[in-house]
Amino acid sequence: MIKKITILAIALLSSSLLSAQDIFDNARITGSFQTDVQFYRPDKAIGIYDTTILGRKVGINGYTNLTYSLGKFKAGLRYEAFMTPLSGFDPRQEGNGFPYIWASYSSDLIEITAGNFYEQFGNGLIFRTYEEWTLGYDNSMNGMRVVLYPAKGLTLKGVYGSQRFFWQKYERNSRGLVRGADAELNLNEAFTSFEGSGLRLSIGGSAVSKYQRDADPIYNLPENVGAFSGRFNLGAGNFSLMTEYAYKINDPSAANNFIYQNGQAVLSSLSYSQKGLGVVLQLKRVDNFSFKSDRTVTANALDINFLPPINRTHAYSLTAKYPYATQPNGEMGLQFQVNYKIPKGTLLGGKYGTGITLNFSQVNDIVRNQVNDTTAIMESGTLGYTSDFFKVSDHIFFRDFNIEIDKRFNSKLKGMVQYMNLLYDIATIEGHAGEEAVKAHLGVADFTYKLSSRNALRLEAQALITEQDEGDWAALMAEYTIAPKWFVAVADQYNYGNPDEDKRNHYYTVSAGYTRESTRLALTFGRQNEGVVCVGGVCRQVPASSGFTITLSTNF
Amino acid sequence: MKKLLIILLMGVLSISAFSQEASLPKVAIKTLDGQSFSTSDIKNDGKPIIISFWALWCKPCQKELDAFNELYAEWQEETGVKIYAISIDDSRSTARVAPLVKGKGWEFEVLLDPNGDFKRAMNVNMIPHTFLLDGNGKVVSQHTAYFDGAELELYEKVKKLVSKK
């Protein structure tokens with residue numbers, strides 16, 4: 001760490017001294033800061049005990065990000081402190097330091113990054129490093145990246161390094177190494193003759209390999225695992241077609257019960273759009289495609305790739321209560337969405353037009369057959385199974401049908417209503433073995449009334465009706481805003497239908513906040529259910545808590 | 001020793017912070033149909049630019065962009081301001097962005113930042129986060145969160161920029 005900072009400091013100093021004039025004329029520094037502080041109360045009803053808090057009573061997550069730029073040179077760092085982490089975060093987050101330090105040089109021909117970086121090849125099926133601060137996820141690379149622009153429309157990328165694993169420093173053989181390359185060609189930019197074809201086309205391909213020593217006493221494991229993918233994006237008039245296919249050689253791991261099957265993944269979407277109408281159909285198949293830089297890790301960490309769940313990401317606390325997560329060992333899914341705006345001046349459109357969104361998604365298991373009569377499906381040390389690419393299992397993991405209508409009634413009142421029908425295989429998705437799949441009806445209504453040009457009142461009501469899991473829920477929220485600076489809100493979520501009468505809890509919160517420019521201070525008091533919370537003009541993913549929360553965020 | 005170095009580093013950084021020549025960081029992002037786009041191409045002939053970060057799962061963001069859209073024709077006529085809406089949806093939802101944009105009839109330019117590269121370069125912590133740039137591409141004002149009516153204050157600032165010239 002000291003060495004890294006020394007080098008960075010020297011590099012900065014020397015570059016500064018060499019061209020002292022530049023420091024004052026062209027150099028620039030930007031950054032951001034955020035901290036979340038929670039004062040906890042033990043609250044047995046929602047599962048926060050003295051043992052959860054461990055007597056520490058306060059959780060604080062915070063970071064500061066700085067970026068220095070001087071012409072073609074840039075450097076940056078992020079300091080993080082989780083002391084202790086907020087409840088709901090992985091306890092391995094506890095710690096402080098600089099997990100993200102980098103320097104880069106970029107010209108029209110080449111871009112070099114040394115240190116930590118985030119990168120994605122195509123849709124991420126074989127490589128994606130990213131961070132999601134509010135979820136405490138960060139799988140950044142620590143190594144080098146080179147990006148080349150050798151010809152118009154052509155981009156070449158090469159990366160290597162190790163991945164972040166909470167605060168554990170990389171040491172020889174402590175986890176795997178990742179190497180990868182990607183090429184993308186945009187034909188419209190590369191060949192002027194292509195312009196006249198009326199098509200928009202780009203193609204790309206990538207290869208990623210991980211190395212991890214085989215120290216297994218029983219199995220002979222591949223130390224180098226290669227993954228390959230090819231993709232294209234084709235546009236013609238109002239139509240657009242995207243497809244990516246990925247393949248991985250056998251990679252026995254804790255995630256797939258150490259089977260020697262190869263992996264495959266495909267993601268494809270076809271969309272049509274014109275003014276007032278958008279339609280998209282998306283298909284996906286994933287077969288044995290968990291790809292981590294440590295084969296023994298099963299938790300949500302050290303992922304080399306990203307297998308996107310393609311169902312709609314909902315924006316209200318109850319509709320987002322049962323979110324789907326991709327099953328990397330195998331799934332087949334489809335999604336269909338129509339966005340339509342009924343034009344102004346028609347019977348249903350009224351004076352302002354009416355928006356309609358219709359969305360359907362379903363994900364099933366893949367079909368697995370025995371390799372031979374004597375081998376059980378998914379048996380460790382074998383091929384595991386065979387699977388027909390086009391066959392869909394009857395086992396449904398997830399299904400979501402939803403329709404949303406939004407409308408402005410007059411210059412003061414606007415609103416939206418939503419209905420959702422959900423099937424959620426909680427046993428598979430959350431690992432609650434033996435539990436019955438959740439079948440639920442949900443409704444949301446969200447109306448905003450403008451009291452004056454800057455004062456508005458928003459009311460939100462939600463219901464979730466189900467026989468399974470925690471039973472029925474209802475939620476209400478009222479929010480008063482004074483643009484652009486102030487808000488105050490009260491909300492309650494009530495689990496009135498919980499089969500266990502002792503758990504029919506209210507989750508009430510009172511919150512208020514002040515925003516000026518990009519500085520935002522928000523205070524929340526009460527009991528918070530975990531999930532997506534959109535209040536005070538922003539949306540955040542929050543863990544369950546009880547007590548008092550302060551969020552302060554700014555940038556510069 | 002370590003602390004000293006950090007202080008030294010911060011010192012160097014802060015010296016240079018006194019004079020800022022702000023122009024947009026150059027990052028490779030995508031257009032709605034998946035073709036590459038460089039943020040250095042965000043331009044408006046010396047007139048103001050609004051850049052707004054949003055996502056499909058963010059209702060306040062969509063309310064803000066709906067509000068912009070209702071006034072966009074008028075704003076453009078009066079000041080020539082140009083709006084870029086940057087979706088930070090990742091590959092789980094990028095396919096749904098274009099249909100939503102067309103379905104809503106948004107008239108401004110919408111771009112995709114599927115791995116958050118532009119978001120990080122602009123130091124965006126939470127969305128919606130909206131930047132106002134002057135004709136030279138310098139950030140003159142920014143705002144997190146959206147409350148009904150905030151677009152009026154933003155537009156006052158746009159008008160001030162235009163009248164200054």
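**Exercise 1. Decide whether G381(A) is buried, exposed or partly exposed, and describe its surroundings.**

At 34% relative accessibility, G381(A) counts as partly exposed, because buried means under 20% relative accessible area, exposed means over 50%, and partly exposed lies in between (1.4 Å probe, protein chains only). The model is predicted, so that local features need pLDDT of at least 70 and side-chain atom pairs count only at pLDDT 80 or more, while totals for chains, interfaces and linings use all residues. Residues are numbered from 1 along each chain as its sequence is written, chains are lettered from A in the order in which they are written, and side-chain values use heavy atoms, with hydrogens and water left out.

The next step is to place the residue: G381(A) sits in the loop between β19 (354-366) and β20 (392-408) of chain A, where strands (E, at least two residues) and helices (H or I, at least four) are DSSP runs numbered from the N terminus. Leaving aside neighbours within four places in sequence, G381(A) is in contact (heavy atoms within 4.5 Å) with Y219(A), F258(A) and Y260(A). Finally, the C-alpha atoms of G381(A) and G513(A) are separated by 56 Å, the two residues being 132 apart along the chain.

**Exercise 2. Work through the salt bridges, including the one that crosses between chains.**

Begin with the criterion, which asks for a side-chain nitrogen of Lys or Arg within 4 Å of a carboxyl oxygen of Asp or Glu; by this rule the count over all chains comes to 38 salt bridges.

Take R92(A) and D90(A), whose side chains meet in a salt bridge at 3.1 Å, N to O. R92(A) is partly exposed at 39% relative accessibility, and D90(A) is partly exposed at 25%.

Turn then to R145(A), which forms a salt bridge with E119(A), with the closest N and O atoms 3.1 Å apart. This pair links distant parts of the chain, since R145(A) belongs to strand β10 (residues 141-151) and E119(A) to strand β6 (residues 119-120) of chain A, 26 residues apart. Both R145(A) and E119(A) are buried.

The last pair is K275(A) with E107(B), whose closest N and O atoms are 2.9 Å apart. It crosses between chains, from the loop between β16 (263-274) and β17 (277-287) of chain A, which holds K275(A), to the loop between α3 (94-104) and β5 (109-112) of chain B, which holds E107(B). K275(A) is exposed, with a relative accessible area of 60%. In addition, R78(A), E80(A), D138(A) and R164(A) are joined into one network by salt bridges that share partners.

**Exercise 3. State how many residues of α3(B) are buried, and what follows the helix.**

Ten of the eleven residues of α3(B) are buried, so that the helix is mostly covered; among them are R96(B), L100(B) and K104(B). The helix α3(B) is followed by G105(B), whose phi is positive, near 75°.

**Exercise 4. Compare the radius of gyration of chain A with that of a compact globule.**

The rule gives 2.2 Å times the number of residues to the power 0.38, and the radius is taken over C-alpha atoms. For 556 residues a compact globule would have a radius of gyration near 24 Å, and the 26 Å of chain A agrees with this.

To complete the picture, the C-alpha atoms of chain A fill a box of roughly 75 × 65 × 55 Å along the principal axes, and 52% of the 556 residues count as buried. The secondary structure of chain A comes to five helices and 30 strands.
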